[in-house]
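Colleague: I would like to learn how to read a few features of a model like this one. Where should we start?

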Amino acid sequence: MAIVPDTKNWTWVLERQCPDCGFFAGDVSFRDIPALIRADVDAWANVLSSPHVAQRPNEQTWSRLEYGAHVRDVHRKFLTRLDLVRTEDDPLFENWDQDATAIEDDYNAQDPATVAVELADAARALADAFDAVPDADLSRTGRRSDGARFTIRTLAQYYIHDPVHHLWDVRR
């Protein structure tokens, strides 16, 4: 696999507009995020039903199927993180190597229709979970092992850039 692992610290998306996709996660209202997630589901269903979904555009870029499987797993990962922040005081998030997961789970060999259903289910579950967060909990915190600290609000903003950005990736 010639894809170079992404080692960037993407927390900067909370402070400025992404120069690639143009999305500025830090400007998104927490209460708008569930609707953005739900709107994104239909777009991903279209991407995952397109012809040659497992074909990579080049050796350094994931296929649309790999991106879809990754986005599914991002929804799942952030649902777990949101649950932790809501139920524990300042939890430490488990590290996640997204590139290792793509290889171990063989994203490109997965069934696109199954990935589409799983992505939609995971997205809707996360959207519902964000909807259920009371305003009083928005400042609860969680952290990564690299020291990055998030409130529920900034966790949601940080997260939403990922599916939006990857939709941009597969459309360019």
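Modeller: We start with exposure: a residue counts as buried under 20% relative accessible area, as exposed over 50%, and as partly exposed in between. Keep in mind that this is a predicted model. D90, with a relative accessible area of 23%, is therefore partly exposed.

Colleague: Where is D90 found, and what is its phi near?

Modeller: The general idea is that most residues other than glycine have a negative phi. D90 has a phi near 45°, a positive value in a residue other than glycine. D90 is found in the loop between α2 and α3 (98-104).

Colleague: Which value does the phi of H52 take, and is H52 buried or exposed?

Modeller: The phi of H52 is also positive, near 55°. H52 lies in the loop between α1 (33-48) and α2. Its relative accessible area is 58%, so H52 is exposed.

Colleague: Next, the interior. How many residues does the largest nonpolar core have?

Modeller: In soluble globular proteins, nonpolar side chains tend to be buried together. Here the largest nonpolar core has 33 residues, and I33, I37, F130 and Y159 are those with the most contacts inside it. Helices α1, α2, α4 (112-131) and α5 each supply at least two residues of this core. A second, separate core has 17 residues, among them Y67, V71, V115 and V170.

Colleague: Which residues does I37 touch, leaving aside those up to four places away in sequence?

Modeller: I37 touches H75, A123, L126, A127, F130, Y159 and I160. One of these contacts, A127, can be followed further. A127 is in helix α4, and it counts as buried because its relative accessibility is 0%. With residues up to four places away in sequence not counted, A127 touches P34, I37 and R38.

Colleague: How far apart are the C-alpha atoms of A127 and L79?

Modeller: They are separated by 9.0 Å, while the two residues are 48 residues apart along the chain.

Colleague: Now the charged side chains. How many salt bridges does a search of the whole structure find?

Modeller: The cut-off is 4 Å between a side-chain nitrogen of Lys or Arg and a carboxyl oxygen of Asp or Glu. The search finds 14 salt bridges. One of them joins E118 and R72, with the closest N and O atoms 2.9 Å apart. E118 lies in helix α4 and R72 in helix α2, so this pair ties together parts that are 46 residues apart in sequence.

Colleague: Are E118 and R72 buried or exposed?

Modeller: R72 is buried, because its relative accessible area is 3%. E118 is partly exposed, with a relative accessible area of 27%. R72 also touches Y107, Q110, V115, L119 and A122, besides E118, when residues up to four places away in sequence are not counted. R72, D73, R76 and E118 are linked in a network of salt bridges.

Colleague: Which parts does the salt bridge of R86 and D137 tie together?

Modeller: The closest N and O atoms of R86 and D137 are 3.7 Å apart. R86 lies in helix α2 and D137 in the loop between α4 and β1 (141-143), so the pair ties together parts that are 51 residues apart in sequence. R86 is partly exposed, with a relative accessible area of 31%.

Colleague: What is the N to O distance in the salt bridge of R144 and D146?

Modeller: That distance is 2.7 Å. R144 counts as buried because its relative accessibility is 15%, whereas D146 is partly exposed at 49%.

Colleague: Last, the pockets. What volume does the second largest pocket have, and which residues line it?

Modeller: Rolling a probe the size of a water molecule over the atoms shows where empty space is left. The second largest pocket has a volume of about 180 Å³. Its lining consists of Q55, R56, P57, T61, W62, S63, R64, Y67, D169, V170 and R172.

Colleague: Which helices each supply at least two residues of that lining, and how do the lining residues divide by type?

Modeller: The helices are α2 (64-87) and α5 (152-171). The lining residues divide into four nonpolar, three polar and four charged.

How values were computed
Residues numbered from 1 in each chain as written. Predicted model: local features only at pLDDT ≥ 70, side-chain atom pairs only at ≥ 80, totals over all residues. Heavy atoms only, no water. 1 Å grid on protein atoms, 1.4 Å probe; cavity = no way out; pocket = protein on both sides within 12 Å on 5 of 7 lines; lining within 4 Å. Points joined across faces, edges and corners; volume = space filled by probe spheres on them. Helix = DSSP H or I, 4+ residues; strand = E, 2+ residues; numbered from the N terminus. Nonpolar A, V, L, I, M, F, W, Y, C, P; charged D, E, K, R; others polar. Buried < 20%, exposed > 50% of the residue type's maximum accessible area, 1.4 Å probe, protein only. Core = buried A, V, L, I, M, F, W, Y, C linked by side-chain atoms within 4.5 Å. Contact = heavy atoms within 4.5 Å.
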